Amino acid sequence: MKPIYTDAAEALAGLTRDEMTIAAGGFGLCGIPEHLIKAVRDSGATGLTVVSNNAGVDDFGLGWLLQTRQIKKMISSYVGENKLFEQQFLSGELELELTPQGTLAEKLRAGGAGIPAFFTRTGYGTSLAEGKSLQEFDGREYVMEKSITTDLALVKAWKADKAGNLIFHYTANNFNAACAKAGRITVAEVEEIVEIGELDPHQVHVPGNYVDRLVLCSDYEKPIEQLTLAGKFTLKGFSPAREWQAIRISKEFKNGMYANLGIGMPTLVANYIPDDITVTLHAENGLLGVGPFPQEGGQHPDLINAGKQTITSLPGSSFFSSADSF
């Protein structure tokens, strides 16, 4: 049985210190360990190196630690939603190790698996490969990337049992599973804890051996970054011209295709797939089978696409971690 807490600060007692490395799960604000992040803020630990897909927003998530200047360095892949991050980076106050998203997911997954490094094509021929070892395989050049392990991992799960087995909800799996495995000490905040044996073993996403402490939390805010509803396009940058382009692009799809929709305008395309064909759409944050925007009242903060927009999932869809997604 794992130690179980009902207070995030108590769950981190004795674990935080200056100059430590922390992996934090989440994608945008979806699936972030918001109570544990607050507890890190309140601990006063400084000089932190934080590994996370992004840095939250100005006034939520990891943005809280930027406000208090507790983060010295971020290892991230997407930082475009945080003006405070931008200001601190451009002023030289904050270090940044910019890492392609799939590479970051694999760095964490490999670190958790005890693999010290791996090769990838991503970044080859760009400034991101400068100073890194290159190796040729079958006539193609690859970049060697070192894996990541951290002093502490903070993750958010939907449900756990008292043995520490974790289940995530919808696209809130994202980077959480990889972070849980990469941390030398992992603390998981969860919405529900059940007795050992109550979880279906086939549904467990992270085995309990990766988890050291559990904290049962409530009063989640779970803000939605981009509330998008069917017939009500209120997302940033939307215009009739972009809608027209999305409709036009959707006509390029053929029956039986699989397609990845990245952040930005491509996410609109899911709403205009012709009814007479079947196209399976993939969101990089861990969903195969993206559906259209939900009807009003049908949105869920744990179900978003790569643009952090609320979506639906289609029958036959599947959810998985960011490490599997890439």
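## Exercises on salt bridges and overall form

A salt bridge of 4.0 Å, N to O, joins the side chains of Glu192 and Lys159; the term requires a side-chain nitrogen of Lys or Arg within 4 Å of a carboxyl oxygen of Asp or Glu. The model is predicted: local features need pLDDT of at least 70, side-chain atom pairs count only at pLDDT 80 or more, and totals for chains, interfaces and linings use all residues. Residues are numbered from 1 along each chain as its sequence is written, and side-chain values use heavy atoms, with hydrogens and water left out.

**Exercise 1.** Determine which strands hold Glu192 and Lys159, the partners of the 4.0 Å salt bridge.

*Solution.* The salt bridge pairs Glu192 with Lys159. Glu192 belongs to strand S11 (residues 183-194) and Lys159 to strand S9 (residues 150-161), so the pair links distant parts of the chain, 33 residues apart. Strands here are DSSP runs of E with at least two residues, helices are runs of H or I with at least four, and both are numbered from the N terminus. Next, consider accessibility, where buried means under 20% relative accessible area, exposed over 50%, and partly exposed in between (1.4 Å probe, protein chains only). Glu192 is partly exposed at 34%, whereas Lys159 is buried at 18%.

**Exercise 2.** Locate the partners of the salt bridge between Lys222 and Glu191, and name the network of salt bridges that includes them.

*Solution.* The N to O distance between the side chains of Lys222 and Glu191 is 2.8 Å. Lys222 lies in the loop between strand S12 (213-216) and helix H7 (240-250), and Glu191 in strand S11, so the pair ties together parts 31 residues apart in sequence. Glu191 has a relative accessible area of 29% and is partly exposed. The network of salt bridges links Lys156, Glu191, Lys222 and Asp302.

**Exercise 3.** Characterise the salt bridge between Lys72 and Glu19.

*Solution.* The side chains meet at 2.9 Å, N to O. Lys72 is in strand S4 (residues 71-76) and Glu19 in the loop between helix H1 (8-11) and strand S2 (21-24), so parts 53 residues apart in sequence are tied together. Both partners are partly exposed: Lys72 at 33% and Glu19 at 48%. The structure holds 16 salt bridges.

**Exercise 4.** Compare the radius of gyration of the chain with that of a compact globule.

*Solution.* The radius is taken over C-alpha atoms, and the globule rule is 2.2 Å times the number of residues to the power 0.38. For 326 residues, a compact globule would have a radius near 20 Å; the chain has 20 Å, which agrees. The C-alpha atoms fill a box of roughly 60 × 50 × 40 Å along the principal axes.
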